[in-house]
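Visitor: I am new to this structure. Could you walk me through it, one question at a time?

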Amino acid sequence: MIQTREAEKNTALLNVDQIREDFPVLGRMINGMPLAYLDNAASSQSPRQVIDAVKLYHESHHSNVHRGVHTLSQEATSLYEEAREKIRAFLNAASLKEIIFTSGTTDAVNLVASSFVEERLNEGDEILITHLEHHSNIVPWHILCERKKAKLRVLPINDRGEIILDNLDDYLTSRTRIVGVNHISNALGTINPVKKIVEAAHRKNIPVLVDGAQATPHEIVDVQDLGCDFYAISGHKMYGPTGIGVLYGKQELLEKMRPYRSGGDMILSVSFDKVVYNELPYRFEAGTPPIAQAIGLGAAADYINSIGKKAIQNYENMLLDYATRKLGEIPQVRFIGTAREKASLVSFVIDGVHPHDVGTILDGEGIAVRTGHHCAQPVMDRFSIPATTRASFAFYNTTEEIDRLVAGVRKVIEVFDA
Ligand code: C6P
């Protein structure tokens, strides 16, 4: 009865059956069972619209961009630059100059570390991050701090997995050169109050980089409203291809930054004596860019817009509530990360069973989840655990799939007598 009510509610929120038709991979059988893909935080699946956009490019328009006067090159350039405009609108950036294609969030953070922070960081200076960060927003800063004898400072989190902001002002010192914070934690799902952090940092003229890898598939992201200086995203987490991401940067900062990688396309003129760098955003896109992937990312933004960000949010919140309630009925399940503001993922442990065993048994049932430290080892350390099982939901998931997850978890408990 409850299942029927939930199913009715699903239909009212989104036409999920129709949406699922767009995702060819969701029709797959895994170990004799229909695939229940609950690993969307690692990488979400692409709809036919994205696959077709990439295919069409390869079949009809493939050429290099910004280089040729011939028709194919002009077409490829138009498609590539149209994708940039789609992402500009998607993030509500003020200008196309602020949208730099990268290979992903990791690449974008490294770009900022290398081209912006490095030359502003001196011995004794500080970089402030949080205890919730993905390794991509820790390691680049760690390396810089090591090289420059600077200090990496870390905002703590509470037992719910929320950043403790009480002493934020004390962490923002005259030595802080940048703040790095994720918008949504990939390990726990916490939605962080990034606007508040940006406002506090800006009161002291400290720039802020937001790691938005997990936010673009779930949140309505408006970089002008957030006020952040940099915002990093990955295409493959928002239903687009791998190998593509974006760094949004405020134009006034990007204008002052040195190039990151160097080579073709990022220059206006080259002689052996002098190099004049290209204008924004090309200055930061050396070499032949990931053209097909950028076009696919533009198609992914279109697809998200066609469903509607608010509808996606409402539906995914329903899935989160449902999963939390159903898994919460199992006494052996202990949630890690119970933030009041949370995106659609659940991280949990079953005492006495290693998450990899949970993941293996679930895979036998056709259910894909991620198990491990989720590239966020400090988060695991904070909760004194080596790993969790993480189920992360997208708008194409259903309450029936969550029921199967719950049944799979019950099976794990039975097998391990946990
Ligand atoms: N998190 C996960 O399973 P790349 O690999 O560059 O596209 O994204 C890195 C990254 C950065 N920040 C956050 C918050 C992330 O979640 C990720 C990727 C995946 O959680 C793979 S480790």
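Guide: One term before we start. A cavity is a set of grid points where a 1.4 Å probe fits but cannot get out, and its lining residues have an atom within 4 Å of a point. Keep in mind that this is a predicted model.

Visitor: Which residues line the largest cavity?

Guide: A lining residue needs an atom within 4 Å of a cavity point. Ten names follow from that test, and they are Asn40, Ala41, Ile184, Gln214, His218, Ala343, Ser344, Leu345, Ser392 and Phe393.

Visitor: What is the volume of the largest cavity?

Guide: The structure holds one cavity of 30 Å³ or more. By class, the lining of the largest cavity has five nonpolar, five polar and no charged residues. The volume of the largest cavity is about 40 Å³.

Visitor: Into which domains is the protein chain divided?

Guide: The lining of the largest cavity draws at least three residues from each of two domains. The chain's two parts are domain 1 (3-43 + 308-416) and domain 2 (52-305).

Visitor: How many residues of each domain are in contact with the other?

Guide: Start with the centres of domain 1 and domain 2, taken over C-alpha atoms: 28 Å separate them. Contact is counted between heavy atoms within 4.5 Å. On that count, 38 residues of domain 1 touch 32 residues of domain 2.

Visitor: Where does the ligand lie?

Guide: Look at which domains give residues to the shell around the ligand. Domain 1 (3-43 + 308-416) does, and so does domain 2 (52-305). The ligand therefore lies between domain 1 and domain 2.

Visitor: Which residues come nearest to the ligand?

Guide: The shell divides into four nonpolar, eight polar and four charged residues. There are 16 residues around the ligand. Those that come nearest are Thr106, Asp211, Gln214, Ser234 and Arg370.

Visitor: How far is a side-chain N or O atom of threonine 106 from an oxygen atom of the ligand?

Guide: A polar contact needs N or O atoms within 3.5 Å. A backbone N or O atom of threonine 105 lies 3.4 Å from a ligand oxygen. For a polar side-chain atom of arginine 390, the distance to a ligand oxygen is 2.8 Å. For the side chain of threonine 106, it is 2.5 Å.

Visitor: How much of the ligand's accessible area does the protein cover?

Guide: On its own, the ligand has 510 Å² of accessible area. Of this, the protein covers 88%.

Technical notes: Residues numbered from 1 in each chain as written. Predicted model: local features only at pLDDT ≥ 70, side-chain atom pairs only at ≥ 80, totals over all residues. Heavy atoms only, no water. Near = heavy atom within 4 Å. Polar contact = N/O pair within 3.5 Å; in protein donor to acceptor, adjacent residues only side chain to side chain. Areas by Shrake-Rupley, 256 points an atom, 1.4 Å probe, with all protein chains shown as cover. Nonpolar A, V, L, I, M, F, W, Y, C, P; charged D, E, K, R; others polar. Domains from an automatic or database assignment. 1 Å grid on protein atoms, 1.4 Å probe; cavity = no way out; pocket = protein on both sides within 12 Å on 5 of 7 lines; lining within 4 Å. Points joined across faces, edges and corners; volume = space filled by probe spheres on them.
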